[in-house]
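The exercises below are to be worked with the sequence and the model side by side. Each task is followed by a solution in steps.

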Amino acid sequence: MAIRRALFVEPVPAEEVLRRFATGEELRRAERFAPARRSEYLGWRALLRRELGAVEVEYTAAGAPRVAGCPEIFLGVSHGAGRVALCLSDAPCAVDVERLDRPYARIAERYLTPGERALCGDEPLRLAAAWCAKETLWKLHGAGGLDLLRDLRVTALSDDAVYGRIRGGAGLLRLALRRLEDAVVVWYL
């Protein structure tokens with residue numbers, strides 16, 4: 001299956017759309033979740049199937065979703081802030097979307113080094129972008145077992161990008177950044 005690189009960030013679809021695109025097993029599994037989590041869980045699958053048709057979802061040993069039987073298709077998935085985000089690519093990709101009003105400053109020492117905190121200051125957008133960047137780098141790594149402070153670095157921020165590194169990785173990575181009304185999305189595609 002030929003794939004084009006694309007990012008979709010959309011409000012969680014309406015319930016009838018979620019049900020139309022979900023499998024019976026996914027609907028049963030989703031019943032165990034709180035309503036918002038259920039909608040997000042089913043929402044990115046609805047985007048995936050809208051774009052690729054009736055594909056099955058499976059998970060890697062590290063817990064990352066992928067299209068069953070299609071190793072040439074890479075997925076990046078996130079949900080939050082009443083939105084679902086999906087990256088589709090022919091190469092590794094990742095995405096994270098988060099609300100801007102979370103208390104990032106209160107927990108900054110848990111995910112940012114002193115140098116990264118200086119880079120972000122007290123600006124909510126920069127703190128949220130750094131959080132999303134670390135989540136995106138974590139997902140891009142794909143194997144888990146990383147420490148947010150030791151293994152993932154944010155080295156620079158601009159209005160439309162976050163630059164970062166994964167310890168032991170190929171080098172500096174440019175992650176795209178977009179501010180939404182009440183959220184921020186960071187992705188690598």
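**Exercise 1: A lysine in a helix**

Lysine 134 has a relative accessible area of 0% and is therefore buried (under 20% relative accessible area; exposed is over 50%, partly exposed in between; 1.4 Å probe, protein chains only). The model is predicted, so that local features need pLDDT of at least 70 and side-chain atom pairs count only at pLDDT 80 or more, while totals for chains, interfaces and linings use all residues. Residues are numbered from 1 along each chain as its sequence is written, and side-chain values use heavy atoms, with hydrogens and water left out.

Task: State which element holds lysine 134, and describe what surrounds this residue.

Solution.
- Step 1. Lysine 134 belongs to helix H6; helices (H or I, at least four residues) and strands (E, at least two) are DSSP runs, numbered from the N terminus.
- Step 2. Neighbours within four places in sequence are set aside, and contact means heavy atoms within 4.5 Å. Lysine 134 then contacts Tyr111, Leu112, Glu116, Leu148, Leu149, Leu152, Arg153 and Val154.
- Step 3. A polar atom of the lysine 134 side chain lies 2.9 Å from the backbone oxygen of leucine 152.

**Exercise 2: Helix H6 and the largest core**

Task: Compare the expected span of H6 with the distance between its end C-alpha atoms, then determine what H6 gives to the largest nonpolar core.

Solution.
- Step 1. The expected span of a helix is 1.5 Å times one less than its number of residues. For the 18 residues of H6 this yields 26 Å, and the end C-alpha atoms are 26 Å apart, which agrees.
- Step 2. The buried residues of H6 include Leu127, Trp131, Lys134 and Leu140.
- Step 3. A nonpolar core is a set of buried Ala, Val, Leu, Ile, Met, Phe, Trp, Tyr and Cys residues joined through side-chain atoms within 4.5 Å. The largest has 28 residues, and Tyr111, Leu112, Leu127 and Val162 have the most contacts inside it.
- Step 4. Two or more residues of this core come from each of helix H4 (104-111), helix H6 (124-141), strand S7 (152-157), strand S8 (161-166), strand S9 (173-179) and strand S10 (183-188). H6 gives the most, with 9 residues.
- Step 5. Leucine 127, with neighbours within four places in sequence left aside, is in contact with Tyr104, Ala105, Ala108, Tyr111, Leu112, Cys120, Gly121 and Asp122. Apart from this core lies another, of 17 residues, among them Leu48, Leu52, Val67 and Ile73.
- Step 6. Just after H6, glycine 142 has a positive phi of about 80 degrees.

**Exercise 3: Helix H3 and the largest pocket**

Task: Establish how many residues of H3 are buried, and which elements line the largest pocket.

Solution.
- Step 1. Of the 18 residues of H3, 13 are buried, so that the helix is mostly covered. Glycine 53, which follows H3, has a positive phi near 90 degrees.
- Step 2. On a 1 Å grid over the protein atoms alone, a pocket is an open set of points where a 1.4 Å probe fits, with protein on both sides within 12 Å along at least five of seven lines; lining residues have an atom within 4 Å of a point. Grid points are joined across faces, edges and corners, and a volume is the space filled by probe spheres set on the points.
- Step 3. The largest pocket has a volume of about 670 Å³. Among its 34 lining residues, Gly63, Ala64, Pro65, Leu75 and Lys139 are the closest to its centre.
- Step 4. H3, strand S2 (57-59), strand S3 (65-67), strand S4 (74-80), strand S6 (94-99) and H6 each give two or more residues to the lining. S4 gives the most, with 6 residues.

**Exercise 4: Two loop residues**

Task: Is aspartate 90 buried, partly exposed or exposed, and what is the sign of phi at alanine 81?

Solution.
- Step 1. Aspartate 90 is in the loop between strand S5 (83-89) and S6. Its relative accessibility of 42% makes aspartate 90 partly exposed.
- Step 2. The aspartate 90 side chain makes a polar contact (N or O atoms within 3.5 Å, one able to donate a hydrogen and the other to accept it; residues adjacent in sequence count only if both atoms are side-chain atoms) with the side chain of arginine 5, at 2.7 Å.
- Step 3. Alanine 81 is found in the loop between S4 and S5. Its phi is positive, near 60 degrees. Most residues other than glycine have a negative phi.
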